[in-house]
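Visitor: Hi! I've got this one open on my screen and would love a quick tour. Can we just chat through it?

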Amino acid sequence: MTRPLVLTLGEPAGVGPEIVAAAWNALKTEPPAFAVIGDADLLRAQGVLVVEINTPADALQPFGRALPVIHRPLPAAVEVGRPDPANAPAVADGIEEAVSFVLSGEASGLVTAPIAKAPMYASGFRFPGHTEFIAELTADAPYPGTRGPVMMLTAKDLRACLVTIHVALGQVAELITADRVARTARVVHESLKRDFAIARPRLAMAALNPHAGEGGALGVEEIETLRPVAAQLRAEGIDITDPRPADTLFHDEARAGYDAALCMYHDQALIPVKTLDFWGGVNVSLGLPIIRTSPDHGTGFDIAGQGIARADSLIAAVRLASEMAAARAAR
Ligand SMILES: NC(=O)C1=CN([C@@H]2O[C@H](COP(=O)(O)OP(=O)(O)OC[C@H]3O[C@@H](n4cnc5c(N)ncnc54)[C@H](O)[C@@H]3O)[C@@H](O)[C@H]2O)C=CC1
Ligand SMILES: NCC(=O)COP(=O)(O)O
C-alpha cells in the first residue's frame, strides 16, 4: 500500500489551515493519503471532519471520509492575519516532527504550508526558511548524491533552480562563485534523473548581468565565473548551456529547449514562475535525503480567513511530492 505523505500546517494565522482543509476536500478520493501535523481545532474551524491520529500510517484508513491530524495544540490563541511569535516554536516543532516521520520511512514525503519568516525570526528561529531548516534536520541522514539544498520552483513546464536564495540583491554577485554554481548544477542534474525520471537532463544557465554581461561591459561574472563553470560541468558530462541573457530564457519556445534553468538569484527565478502560473506553482527542495514540496505562495495574511484563498498550489505540491516519492522509490 502507498505510504502517506505528511503535511505541516505552517503559520496558523495565515492561509495554511484553510488551504490544507480545501486540499483534503479536493484530494480525499485520490491517493496518496496524507497526515497533517498541527492544531486539529484550527482545521475543525474550517468546517471539515477531522480525525485525530497518532502516526502517519493511521491516516490511510480514514482519509476518504475525514482529515487525519496528528494534533499538536498551539500555546497561544490564533488571531487570523496577525502572526504571534509565541506560536513560532510550535510551528518549527511541527516541521521537525514531520521530517522525522519521513526520515524513519513512516511517510513518503513532506509537504509544508507556508510559514511567515518574520515571527519565526523574532522567536529565535535561525534559518532563512524551511529549505535550510530541513537541510539541517536531515544533515546526518545518508544521501547518495551531491547534497543540496537547492530551491527549485516549478510552474507548468518551467523548472527554475536558485543558485542563491534569501539574500539581499547587493550580496548576490559575491555569492556567485564557481563552487556554488557547480554544486547547484550537479544537484539539479542528479535530481532531475532521480526524482523526475528524466534520463538525460538539459540545463540552461541564466546570466547574472543584462545581455549576459555584453562582453564584459555590463559585468564580468559571465567571463570570469559562469562560462568556465559551464565548460567544467560539460566536461563532467552535464548538458548545460553557457550563461544566457535571462530576459530571453523563459518564453514558451525558449523553455522547450531545457528541462531546468539555473537562476542566479531569487527574483530571476520567481518572477517567471509566478507570472507563468501563480496558482499552480510548486516549491521543491532538491538534494536532500527526503522529498519536500510546498506551495509557491506565502501566508497571505491579507486574505486569510475570508474563504477566498486558493488551494491549487498546495494541491499541486501534494501531487508533485507523490510523483517524486514514486520516482525515487523506483530507482
Ligand atoms: N514556503 C513558504 O513558507 C513561504 C513563505 N512566505 C512568507 O509569507 C509571508 C507573506 O509573503 P508575501 O510576500 O506577502 O507573499 P504571499 O504569497 O503571502 O502574498 C502575495 C499575494 O498573493 C496572494 N495570495 C497568497 N496566497 C494565496 C492563495 N493561496 N490564494 C489566493 N491568493 C493568495 C496574497 O493575498 C497577496 O496578494 C512572508 O512572511 C514570507 O516570508 C513567502 C513565500 C513562501
Ligand atoms: N520565496 C520562496 C520562499 O520563501 C520559500 O522558502 P522556504 O520556506 O521554502 O525555504
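Visitor: How do the residues of the shell around ligand 2 divide into nonpolar, polar and charged?
Guide: Happy to help, and a word first: this is a predicted model. The shell around ligand 2 holds 1 nonpolar residue, 5 polar ones and no charged ones.

Visitor: Which residues surround ligand 2?
Guide: You'll find G129, H130, T131, L270, N283 and S294 around ligand 2.

Visitor: And ligand 1, which residues come nearest there?
Guide: Ligand 1 has 18 residues around it, and those that come nearest are P114, K117, H297, G298 and G300. By type, the shell of ligand 1 splits into 8 nonpolar, 7 polar and 3 charged residues.

Visitor: Let's switch to the sheet. In what order do the strands come?
Guide: The open sheet is built from 12 strands, in the order 3-4-2-1-5-12-11-6-7-10-8-9, and the pairing is mixed. Its edge strands are strand 3 (50-52) and strand 9 (239-240), each of which pairs on one side only.

Visitor: What holds paired strands together, anyway?
Guide: Strands of a sheet pair through backbone hydrogen bonds, in either a parallel or an antiparallel way.

Visitor: Do strand 5 and strand 12 run parallel or antiparallel?
Guide: Parallel: strand 5 (residues 110-112) is joined to strand 12 (residues 292-295) by 2 bridges. If you want a spot to click on, V111 stands opposite T293 of strand 12.

Visitor: Which residues of strand 10 are buried on its two sides?
Guide: In strand 10 (residues 260-263), A260 and L262 are buried on one side, and A261 and C263 are buried on the other, so to speak covering both faces.

Visitor: Which strands does strand 10 pair with?
Guide: Strand 7 (residues 158-162) pairs with strand 10 in the parallel sense over 3 bridges. Strand 8 (residues 202-205) also pairs with strand 10 in the parallel sense, over 3 bridges. Have a look at A261: A160 has A261 as its bridge partner, and A204 has A261 as its bridge partner too.

Visitor: What about strand 4, how many of its residues are buried?
Guide: 4 of its 5 residues are buried, so strand 4 is largely enclosed by the rest of the structure. Strand 2 pairs with strand 4 in the parallel sense over 3 bridges, with G38 facing H71 as its bridge partner. Strand 3 runs parallel to strand 4 and is joined to it by 3 bridges; there, V51 stands opposite P68.

Visitor: On to helices. How many residues of helix 1 are buried?
Guide: 10 of the 12 residues in helix 1 are buried, leaving the helix mostly covered. Among them are I19, V20, W24 and L27.

Visitor: What do those buried residues pack against?
Guide: They pack against strand 1, strand 2, helix 2 (40-44), strand 4 (67-71) and helix 11.

Visitor: What span should helix 1 have, going by its residue count?
Guide: Helix 1 (residues 16-27) has 12 residues, so at 1.5 Å a residue it should span 16 Å; the end C-alpha atoms are 16 Å apart, which agrees.

Visitor: You mentioned helix 11. Which strands does it lie across?
Guide: Helix 11 (residues 312-329) lies across strand 1 (5-8), strand 2 (34-38), strand 5, strand 6 (150-155), strand 11 (282-286) and strand 12, and runs at about 165° to strand 12. Its 18 residues reach 26 Å from first C-alpha to last, close to the 26 Å expected. Buried residues of helix 11 include L314, I315, V318, L320 and M324.

Visitor: Now the backbone oddities. Which peptide bonds are cis?
Guide: One is the bond from P31 to P32, with omega near 0°; P32 sits in the loop between helix 1 and strand 2. Another is the bond from G148 to P149, with omega near 15°, and P149 is in the loop between helix 5 (130-137) and strand 6.

Visitor: What is phi of K156?
Guide: Phi of K156 is near 50°, a positive value in a residue other than glycine. K156 lies in the loop between strand 6 and strand 7.

Visitor: Is K156 buried or exposed?
Guide: Exposed: K156 has 12 other C-beta atoms within 10 Å, and a residue counts as exposed at 12 or fewer.

Visitor: And H211, where is that one?
Guide: H211 is in the loop between strand 8 and helix 8 (221-235). Its phi is near 55°, again positive in a residue other than glycine. With 15 C-beta neighbours inside 10 Å, H211 counts as partly exposed.

Technical notes. Residues are numbered from 1 along each chain as its sequence is written. Chains are lettered from A and ligands numbered from 1 in the order in which they are written. This is a predicted model: local features need pLDDT of at least 70, side-chain atom pairs count only at pLDDT 80 or more; totals for chains, interfaces and linings use all residues. A residue is near a molecule or strand if its C-beta atom, placed from the backbone, lies within 6 Å of it. Ala, Val, Leu, Ile, Met, Phe, Trp, Tyr, Cys and Pro count as nonpolar, Asp, Glu, Lys and Arg as charged, and the others, Gly among them, as polar. Two strands pair if DSSP finds at least two bridges between them. Two residues are in contact if their C-beta atoms, placed from the backbone, lie within 7 Å. Axes are lines fitted to C-alpha atoms, for helices over the stretch in contact, and angles run from 0 to 180 degrees between N-to-C directions. The expected span of a helix is 1.5 Å times one less than its number of residues. A residue is buried if 20 or more other C-beta atoms lie within 10 Å of its own, exposed if 12 or fewer, and partly exposed in between; C-beta atoms are placed from the backbone.
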